Amino acid sequence: MKQRIGIVGCGAAGIQLAYSLKNDFDLTIMHDQEADDIRFGKIRSTQVHFSPARSRERQLHMPVQDGAPSIRHIHLSIGNQKLFAGKLADAASSVDQRMAFSRAMNDLERQGVQFRKAKVYRDNIGSLA
């Protein structure tokens, strides 16, 4: 019998943690929204996934985020102040978190990870253990 682990939240860290543990543990992810709530909900953010994150996603066999062109250069400025400009060592990609999170949640569920729609607060976390 596999040891049971609960993961609170299904953001980038929770999803990567679930992919890294799913073969060795019985996982339940507690999140306050279901995959379709996220997919069809408001825009959360578009996040750049740099080479280390993309490499981890490949190693963990996470769903591929296709469609966005590769990012090869970056220019960061605030107001008139240029903070950084340069070529990236390896390509990055821009990812719509709604699509990435919902696709990963559906994929994890197909692989046996359980999801429980719940808000977790400091006061009730002990009862979940």
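Strands here are DSSP runs of E, at least two residues long, numbered from the N terminus. Keep in mind as you click around that this is a predicted model.

Start by selecting L83, which sits in strand β5. Colour by accessibility and you'll find L83 partly exposed: its relative accessible area is 43%, which falls between the 20% and 50% cut-offs.

Now add L76, I78 and F84 to that selection. Together with L83 they make up a nonpolar patch on the surface, with a combined accessible area of about 400 Å². Show the strands behind it: β4 (70-78) and β5 (81-96) are the elements that give two or more residues to this patch.

Next stop, helix α1, residues 12-21; pick out L17 there. L17 counts as partly exposed because its relative accessibility is 38%. While L17 is selected, draw a C-alpha distance to I71: the two are 54 residues apart along the chain, and the label should read 26 Å.

Time to go inside. Select I15, A18, Y19, L27, I29 and L108: in the largest nonpolar core, which has 17 residues, these touch the most other members. Which elements each supply at least two residues of this core? Turn on the cartoon for α1, β2 (26-31), α2 (35-39) and α4 (97-110), and you have them.

Finish by centring on L108 and listing its contacts, skipping neighbours within four places in sequence. What remains is A18, Y19, K22, I29, V113 and F115. Among these, A18, Y19 and I29 were already in your core selection.

Technical notes. Residues numbered from 1 in each chain as written. Predicted model: local features only at pLDDT ≥ 70, side-chain atom pairs only at ≥ 80, totals over all residues. Heavy atoms only, no water. Helix = DSSP H or I, 4+ residues; strand = E, 2+ residues; numbered from the N terminus. Buried < 20%, exposed > 50% of the residue type's maximum accessible area, 1.4 Å probe, protein only. Patch = residues over 30% accessible without salt bridge, like charges linked within 9 Å, V, L, I, M, F, W, Y side chains within 5 Å. Areas by Shrake-Rupley, 256 points an atom, 1.4 Å probe, with all protein chains shown as cover. Salt bridge = Lys/Arg side-chain N within 4 Å of Asp/Glu carboxyl O. Core = buried A, V, L, I, M, F, W, Y, C linked by side-chain atoms within 4.5 Å. Contact = heavy atoms within 4.5 Å.
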